[in-house]
Amino acid sequence: MPNASSWSASSPLLLLWEDSSGTHIFLSLLYAVLAISGTLSNVMVIYLVFSFKKLQTTSNAFIVNGCAADLSVCALWMPQEAVLGLLPPNSSSLRSVEYRLLRGGLLSLGLTVSLASHLLVAFNRYVLITKLPSVYQALYQRRHTGCMIGLSWALALLLVPLLPGLWTSGSAQQPPPQQTDGSSRYTALLIALAVLGQTALLLHCYLGIVRRVRGSAKRVSVLNFPLLHQLPFPAAPPPPRRAQRRLSSVSVLLLCCVFLLGTQPLVWVSLLGFFLRPAPAALQAASWLLLCSLSALNPLLYTWRSEEFRRA
């Protein structure tokens with residue numbers, strides 16, 4: 001039976017308990033790649049939005065909010081994980097409870113605001129496409145937009161003291177996460193249900209957009225909103241109407257599929273561990289990695305089909 005204490009102290013989040021230097025090096029390299037690519041892409045999106053007036057729209061305000069949260073994960077948390085994976089198991093940094101709480105706080109803050117921003121962007125686009133222009137203008141005034149962004153950070157700050165307990169409850173002398181106390185299990189269950197509810201709302205918004213676009217491409221084309229350039233729709237040259245509906249639907253569904261791939265493994269692994277038995281450590285590690293990798297992929301998800309971003 002491998003020694004469980006070394007990796008639990010170095011990276012309790014990943015839930016990997018194999019004392020393997022090869023695994024440590026591989027994960028450190030993976031974190032380094034995600035940290036560099038995610039930091040550059042998030043910083044680039046923030047810079048473009050603040051530098052070009054055409055990009056300063058309500059939808060992009062929520063995207064920038066998500067990029068700022070993702071920087072907490074990519075620029076602050078991931079580099080630490082990359083370095084800690086290469087340190088010897090008996091390093092004092094790995095055994096410091098306060099330091100693990102700090103890392104957990106950075107991660108929980110970034111992921112919570114990032115997931116909230118996903119939902120804010122989806123709801124913004126849903127209202128734009130499916131509701132009257134007057135409803136959109138009344139709902140998304142500058143003050144209301146600022147309140148929505150502020151609430152996403154306030155919610156994250158309220159949850160910060162709670163979430164790090166999920167991955168810092170174990171110490172070098174404690175058993176693996178499968179044997180942690182019941183409070184962490186119930187916290188994991190609540191988080192899984194919250195992410196599941198957020199995903200259901202996000203899918204409702206985007207599938208509602210797909211239905212409206214497929215059923216009435218004419219309504220989308222006559223709306224004269226700069227925000228339409230931020231939707232994952234083809235810009236110039238405009239394809240035929242049937243092809244436009246098909247491309248629009250594919251773009252939205254692809255965004256939803258990437259989001260589901262990043263969030264749902266952790267949700268179902270958590271539910272499985274609560275109701276039945278804990279999933280294998282490698283599966284738990286993969287589910288966390290997929291969720292954290294979203295912080296590096298989010299800027300691409302929301303800008304790859306935008307003509308305005310490509311021009312900028």
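The following paragraphs describe the helices, the nonpolar core and one pocket of a predicted model.

Residues are numbered from 1 along each chain as its sequence is written, and side-chain values rest on heavy atoms, with hydrogens and water left out. Because the model is predicted, local features are reported at pLDDT of at least 70 and side-chain atom pairs at pLDDT 80 or more, whereas totals for chains, interfaces and linings use all residues.

The secondary structure comprises 13 helices and zero strands, where helices (H or I, at least four residues) and strands (E, at least two) are DSSP runs numbered from the N terminus. Of the 312 residues in the protein, 51% are buried, the term buried standing for under 20% relative accessible area, exposed for over 50% and partly exposed for values in between, with a 1.4 Å probe and protein chains only.

Helix α3 (58–84) has 27 residues, which should span 39 Å at 1.5 Å a residue, and its end C-alpha atoms are indeed 39 Å apart; the expected span of a helix is taken as 1.5 Å times one less than its number of residues. The helix α3 bends by about 35° at Trp 77, with a proline, Pro 79, following within four residues, the bend at a residue being the angle between axes fitted to the seven residues ending there and the seven starting there. Because 21 of its 27 residues are buried, α3 is largely enclosed by the rest of the structure. Met 78, which is found in α3, counts as buried because its relative accessibility is 0%, and its C-alpha atom is separated by 7.0 Å from that of Ala 32, although the two are 46 residues apart along the chain.

Helix α5 (97–130) has 34 residues and reaches 49 Å from its first C-alpha to its last, close to the 50 Å expected. This helix, α5, is mostly covered, with 27 of its 34 residues buried. Leu 107 lies in α5 and, at 0% relative accessibility, counts as buried; its C-alpha atom is 6.9 Å from that of Ser 72, from which Leu 107 is 35 residues apart in sequence.

Helix α12 (residues 281–303) has 23 residues that should span 33 Å, and its end C-alpha atoms are 35 Å apart, which agrees. A bend of about 55° occurs in α12 at Ala 296, and a proline, Pro 299, follows within four residues. Since 17 of its 23 residues are buried, α12 is likewise largely enclosed by the rest of the structure.

In soluble globular proteins, nonpolar side chains tend to be buried together. The largest nonpolar core in this model has 42 residues, and those with the most contacts inside it are Phe 62, Tyr 206 and Tyr 302; such a core is a set of buried Ala, Val, Leu, Ile, Met, Phe, Trp, Tyr and Cys residues joined through side-chain atoms within 4.5 Å. At least two residues of this core are supplied by each of α2, α3, α5, α7, α9 (182–215), α11 (241–275) and α12, and the largest share, nine residues, comes from α9.

The second largest pocket has a volume of about 370 Å³. On a 1 Å grid over the protein atoms alone, a pocket is an open set of points where a 1.4 Å probe fits, with protein on both sides within 12 Å along at least five of seven lines, and lining residues have an atom within 4 Å of a point. Grid points are joined across faces, edges and corners, and the volume is the space filled by probe spheres set on the points. This second largest pocket is lined by 13 residues, of which Gln 56, Thr 57, Thr 58, Ala 61 and Arg 142 lie nearest its centre. Two or more lining residues come from each of α2 (21–51), α3 and α7 (142–159), and α7 gives the most, with four residues. The lining divides into six nonpolar, six polar and one charged residue, where Ala, Val, Leu, Ile, Met, Phe, Trp, Tyr, Cys and Pro count as nonpolar, Asp, Glu, Lys and Arg as charged, and the others, Gly among them, as polar.

Two further positions concern α2 and the loop that follows α2. Phe 26, found in α2, counts as exposed because its relative accessibility is 54%, and its C-alpha atom is separated by 9.8 Å from that of Leu 86, 60 residues apart along the chain. Leu 55, in the loop between α2 and α3, counts as buried at 1% relative accessibility; Leu 55 and Ala 312 are 257 residues apart in sequence and 8.6 Å apart in space, C-alpha to C-alpha.
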